[in-house]
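Biologist: I would like a close look at a single part of this model. Please start with the setting, then take me through one helix and what surrounds it.

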Amino acid sequence: MGRYIIRRLLQAMPLLFIISVIIFVLTTQMGDPLSMFGGGRRALRSEDRIRLTRQLGLDKPLYMQYVIWLAGNDWMPIDADADGKQDVDENGKLVYGTRKGALRGDFGTSFATRQPVMDMIKERLPNTLLLMLTAEVVIIISSLVIGLVSALKQYSVFDHTVTALSFIGFSMPIPLLALGLIYIFAVYFKRWGLPYLPTGGMYDPQVGQSWQQTLWHMVLPVTALSVITVAGYSRFIRGSMLEVISQDYIRTAKAKGLADRRIVFIHALKNAALPIVTIIGLDLPFLLAGAVVTESIFAWPGMGRLFYDHTTRSDFPVLMGIMMIISVAVVVFQLITDLTYTFLDPRIRYD
Amino acid sequence: MSNRLFAAFSGLMIVAMILSACAPAATPVPPTQPPAQPTAKPAEPTKAPEPTKPPAPTATPAPTAIPKPKVVRIAFPQEPDNLNPYYSNMWFAAILNALYINTSLLEYNDKAEAIPNVAKEIPTAANGGISADGKTITFKLRDDVKWSDGTPLTADDFVFTWQMVMSDKNAVVTRDPYDVAVDKVEAKDKTTLVVTFKEPYAPWQAKVFQNVSAGSGALPKHILEPVFTKDGTIDKAEWNRKPTVGFGPFVFKEWQSGSSITFVANPNYYKGKPKVDQIFIKIVPDDAAQIAALKAGDSDIGTFISYEDMADLEKLGTLDLVKTPSGYQESWIMNLSTNSKTAGHPALQDVNVRKALVMAVDRDKIVKDLLEGRTKVSATFWEGTPYANPDEKPLKYDPEGAKKLLDAAGWTVGKDGIREKTIGGKVVKLKLRYATTTREVRKNVQAIVQQMWKAVGVDAELINHQSDLFFASYADKGPIALGQYDIQEFSTNPNFPDPDIARWLCKEIPSDANPTGVNDQGLCDKDLDALFAKQTVTVDAAARTKIFWDIGKMLNDKVYWNSMWDDPDWYATSKKLVNLKLSGGTPFWNAVEWDLKQ
């Protein structure tokens with residue numbers, strides 16, 4: 001098993017390298033970060049444009065920009081004043097760059113905020129994880145319950161109702177759902193004098209930040225995130241449970257007189273779980289990315305909004321940082337998913 | 001790269017990324033701070049003083065509760081990128097400067113006049129502040145000004161700031177005007193700041209150590225100089241994110257990325273302690289959310305209110321609509337080019353025809369019908385600023401007068417009701433190509449103008465373009481720059497609050513030799529050019545204002561520029577928030593006087 005993990009990790013490296021090259025090329029071609037420096041009303045003067053292009057390293061050929069992103073520039077002399085000569089300090093020593101490169105955990109600094117990308121991500125990631133992990137827990141538990149019940153009581157009233165509802169839920173666009181929830185539970189409930197939920201943010205500034213506040217503010221975004229996914233997952237669980245409980249070995253177990261609970265949870269569910277684990281494993285890494293739409297609508301300060309805000313400014317160091325983290329997470333969670341298979345199905349072995 | 005080396009590199013990368021990605025996951029809940037102000041929300045009846053209890057004879061009278069802190073809440077649809085003013089070009093960052101880094105030498109009041117701030121008085125030739133050659137300006141600074149940590153604010157701070165802006169080690173957003181116009185900045189003593197220019201530089205009031213757009217006055221030398229010495233740059237200084245030491249009616253307290261920025265009152269401000277205790281900037285996702293926050297009473301100031309939202313907001317009765325000059329003017333730009341390639345309709349060369357075209361249109365009615373009468377037709381391009389000539393008036397609506405002028409100019413009504421004239425043996429119809437963007441209100445204006453022109457025998461062809469194409473440069477084959485139409489309508493502005501504008505200079509006419517020229521009107525008038533040339537070197541503010549009055553008069557007399565309407569910035573402000581004097585240049589300049597009625 002250990003060797004298998006190591007082999008998978010080694011295989012991931014060329015993959016991540018290729019991913020980083022592709023993302024780098026795409027994000028740098030996406031737009032001109034300097035044109036967004038005129039976020040004010042005045043466009044950047046050409047003098048400032050030329051100077052900033054140089055100071056931010058955008059004048060270098062693309063492959064050099066990539067090398068600096070990957071490996072930093074603290075090993076090469078720089079020319080900050082663009083006089084064609086390498087800079088020297090007062091002691092006549094060559095001046096080197098200060099960037100360490102992604103390989104050493106330095107994803108550079110944002111063009112917009114001039115903050116290290118890693119700091120920006122560290123600020124937002126906990127918020128996103130809080131929201132997304134909560135949503136994921138809600139999703140898994142409720143889709144398991146719904147899926148199991150409708151599989152075990154196939155063609156019952158409950159099954160039919162849930163089937164109808166899940167089709168509605170699955171085809172619901174998330175912005176509509178989110179705005180609808182805000183409209184009903186925040187705007188109208190307030191108007192009707194009922195206890196209402198907040199429209200957005202993580203806490204009420206008048207009250208201050210506390211875990212109760214955060215929990216209260218999470219209700220609507222978590223609901224919006226869960227509904228659609230629950231609709232999908234519960235269908236999967238229902239389907240694979242139905243398949244498993246019609247198998248011979250389940251009949252054998254029943255014939256042996258095992259308790260229903262034992263049959264459902266130990267014999268059926270464990271085998272039905274394989275496809276579900278695959279789907280959840282594929283979804284998990286994207287939890288880190290946050291949900292762009294949901295976070296925007298509910299003003300949740302997470303990774304999704306960070307990504308969106310900096311996409312509009314063509315701030316590619318930030319975009320690169322976020323996307324590389326997601327890429328790594330995909331690789332890691334894939335591995336974890338594969339390892340889970342060996343637990344669920346002893347026939348699968350990797351050594 | 002060999003495979004092994006490559007693998008080693010990638011291994012490092014993965015480990016680095018996993019570590020950094022997972023580290024914060026260990027503490028998913030951000031450190032919760034005690035509530036900033038532990039006051040009960042108004043909607044909590046349970047906390048009300050117990051009314052049923054009979055008053056105990058010895059009990060102290062009704063508790064004199066600590067007054068609820070006065071918090072001004074403002075919803076921002078865009079999050080500032082950087083709180084160091086020299087590192088941001090965003091409007092939403094620049095307007096905050098007046099709260100926490102109000103170190104500009106001058107500031108702009110609600111009449112768009114420059115008034116002294118850190119400078120004791122405005123330098124003029126008369127008070128010895130401006131040298132005879134106009135190249136040296138001496139600012140006397142106030143001697144009672146202190147940073148929020150008690151350190152005096154002196155001329156040295158300004159010199160340091162200039163050095164930081166000009167240092168190649170700092171990637172500030174703009175060096176304007178220090179690279180093109182300023183020779184050196186020196187501190188004669190603690191309160192005497194001397195700025196030497198390369199040439200006499202008229203826009204100094206709005207450009208040198210100002211708070212208007214990117215940039216501001218002084219940065220705190222005692223905070224940032226050690227950072228510069230240590231790191232070799234102030235690009236990543238912590239102060240840029242957390243400017244806890246500042247100068248202004250408020251002090252920065254906290255910035256929750258993506259959520260909010262909080263400022264608290266600065267008791268040591270030289271203009272006195274502000275009347276409100278806190279300013280809370282809430283970051284909202286977009287303009288719709290801003291409007292929602294205003295309607296819900298969650299925001300006390302709304303920015304860039306659009307005409308569509310105004311009636312709705314007014315109906316609530318809790319908000320006032322306030323306008324400030326922005327420099328923008330919705331304008332009619334006539335194609336006056338004489339170059340055969342870019343020339344407009346030949347009739348436009350005649351000043352009386354131009355005049356008639358304007359007189360034929362009831363602009364007041366357009367403003368009343370399309371903009372609910374909220375703004376007005378401007379008399380000059382500098383409406384609402386000291387540079388607007390007070391004697392000028394917009395041309396009156398007079399269709400009969402327009403007909404007479406057109407008749408006199410030789411444009412007589414033809415068989416089809418459209419005026420025509422024989423030029424060089426050919427009959428030319430008075431049919432004008434009237435182009436603008438695809439904005440709904442402009443399309444409506446086009447249709448109304450077409451009707452009104454028809455009444456005086458002028459035909460119009462209406463053309464609309466997406467704005468990115470419409471405003472494209474000569475090099476990018478923009479239709480205005482190429483002179484494809486006769487009349488264009490759009491909103492344009494000077495270097496507000498500075499009055500200078502390059503739009504009418506002969507040398508700015510776009511051509512193959514000058515593809516970035518901004519004179520898309522193709523206008524070249526030597527007298528006008530001379531006036532503009534004179535104002536750029538007139539350093540004395542009063543003398544320069546007079547020149548702009550002359551320019552305004554000339555633009556009107558020769559009908560080179562026409563207002564459709566004044567296009568100010570619109571704010572919605574809570575009726576509870578009093579003493580607000582928003583200004584176009586530095587909107588929050590009088591935040592120290594703001595008060596909140598409870």
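What percentage of the 598 residues in chain B do buried residues make up? And which residues of helix α12 of chain B are buried?

Modeller: Keep in mind that this is a predicted model. Buried residues make up 44% of the 598 residues in chain B. The chain has 15 helices and 22 strands. Take its contacts between residues at least 6 apart in sequence: 67% join residues at least 24 apart.

Now the helix. α12 of chain B runs over residues 440–455 and has 16 residues. From first C-alpha to last it reaches 24 Å. That is close to the 22 Å expected at 1.5 Å a residue. Its buried residues are B:V445, B:Q446, B:V449, B:M452 and B:W453. Viewed down the axis of α12(B), these buried residues fall within an arc of 135°, so they line one face of the helix. An α-helix has 3.6 residues a turn, so residues three or four places apart point the same way. The other side of α12(B) carries exposed residues: B:E440, B:A447 and B:Q451.

What covers the buried residues? The cover includes helix α10 (363–370) of chain B. It also includes four strands: β16 (431–437), β17 (459–465), β18 (487–492) and β19 (562–566). Just after α12(B), B:G457 takes a positive phi of about 85°.

Next, the cores. The largest nonpolar core has 165 residues, and A:I322, B:L99, B:F250 and B:I279 touch the most other members. Helix α13 of chain A (residues 316–344) gives the most to this core, with 14 residues. Apart from it lies another core, of 52 residues. B:M452 of our helix is among the members of that second core, as are B:A360, B:W382 and B:A402.

Strand β18, part of the cover, also borders two loops worth a look. One lies between α13 (467–470) and β18 of chain B, and holds B:K477. Phi of B:K477 is near 60°, a positive value in a residue other than glycine. B:K477 is exposed, because 11 other C-beta atoms lie within 10 Å, and the cut-off for exposed is 12 or fewer. The other loop runs between β18 and α14 (526–536) of chain B, and B:P497 is found there. A cis peptide bond joins B:F496 and B:P497, with omega about 0°. Most residues other than glycine have a negative phi, and most peptide bonds are trans.

Notes
Residues numbered from 1 in each chain as written. Chains lettered and ligands numbered in written order. Predicted model: local features only at pLDDT ≥ 70, side-chain atom pairs only at ≥ 80, totals over all residues. Core = buried A, V, L, I, M, F, W, Y, C linked by C-beta atoms within 7 Å. Buried ≥ 20, exposed ≤ 12 C-beta atoms within 10 Å, placed from the backbone. Expected span 1.5 Å × (residues − 1). Arc of directions from axis to C-beta. Contact = placed C-beta atoms within 7 Å.
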